[in-house]
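Walk through this model with me. The stops are a charge pair, a charged patch and a sheet.

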Amino acid sequence: MAVQLQNVWHLRKVAEPSAKPCDICFKPTSSVLITPDQKDHFYICPGHLKDKGFCSPIVDEAEVAAKKRKEELDREIESIKKEYEEKLKKRKKSKDSKQKGKEKKTTGDDKSGEKTTDNVEDDEAEKEKNDKVRHPLICLIHSTEPS
């Protein structure tokens, strides 16, 4: 009794110097269809692989869904990166404009050499902001040390 081969074939590519003629049309090809147990094979050209009457690919639905999800995630990541870069540009522009504004204020000092009230208020606000930022860091550092 003869053993029947499964009608499942895997496409493999061989090196161009190892190319042999297609078993159907005798054109040189580097494409080989081989059984999963590697007991049988035949060379086939890409034109015959595209023929719907000759063979059809086995589609794994889970793999297709995973690939589609990965593409969606990649697109979402790209859009988030673009948004983030735009925010950074806006922040940089606003910092530049604030620095220019501060430079204008410092050049607008009184003739007596005293700072204007706007500059003093800005300095105080900046010091308070820096103090608020520093204190939580100190607390976190101390809280992580073993007692």
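Asp74 and Lys70 sit 4 residues apart in helix 2, so about one helical turn separates them. Helices here are DSSP runs of H or I with at least four residues, strands are E runs of at least two, and both are numbered from the N terminus. The two side chains meet in a salt bridge, 3.3 Å from N to O. That term requires a side-chain nitrogen of Lys or Arg within 4 Å of a carboxyl oxygen of Asp or Glu. The structure holds 1 salt bridge.

This is a predicted model, where local features need pLDDT of at least 70, side-chain atom pairs need 80 or more, and totals for chains, interfaces and linings use all residues. Numbering starts from 1 along each chain as its sequence is written, and side-chain values use heavy atoms, without hydrogens or water.

Helix 2 covers residues 61-107 and includes Lys87. Lys87 joins Lys89, Lys90, Arg91, Lys93, Lys95 and Lys98 in a positive surface patch. Patch residues have over 30% relative accessible area and no salt bridge, with like charges joined within 9 Å. Areas come from the Shrake-Rupley method with a 1.4 Å probe.

Now the sheet. Its 3 strands run in the order 1-4-5, open and antiparallel. Strand 1 (10-13) and strand 5 (41-43) are at the edges with a single partner strand each, so one side of each lacks a neighbour in the sheet. Pairing requires at least two DSSP bridges between strands. Strand 4 (residues 31-34) pairs with strand 5 over 3 bridges. Ile34 stands opposite His41 of strand 5.

Methods:
Patch = residues over 30% accessible without salt bridge, like charges linked within 9 Å, V, L, I, M, F, W, Y side chains within 5 Å. Lys, Arg positive; Asp, Glu negative; His and termini not counted. Charge placed at Lys NZ, Arg CZ, Asp CG, Glu CD.
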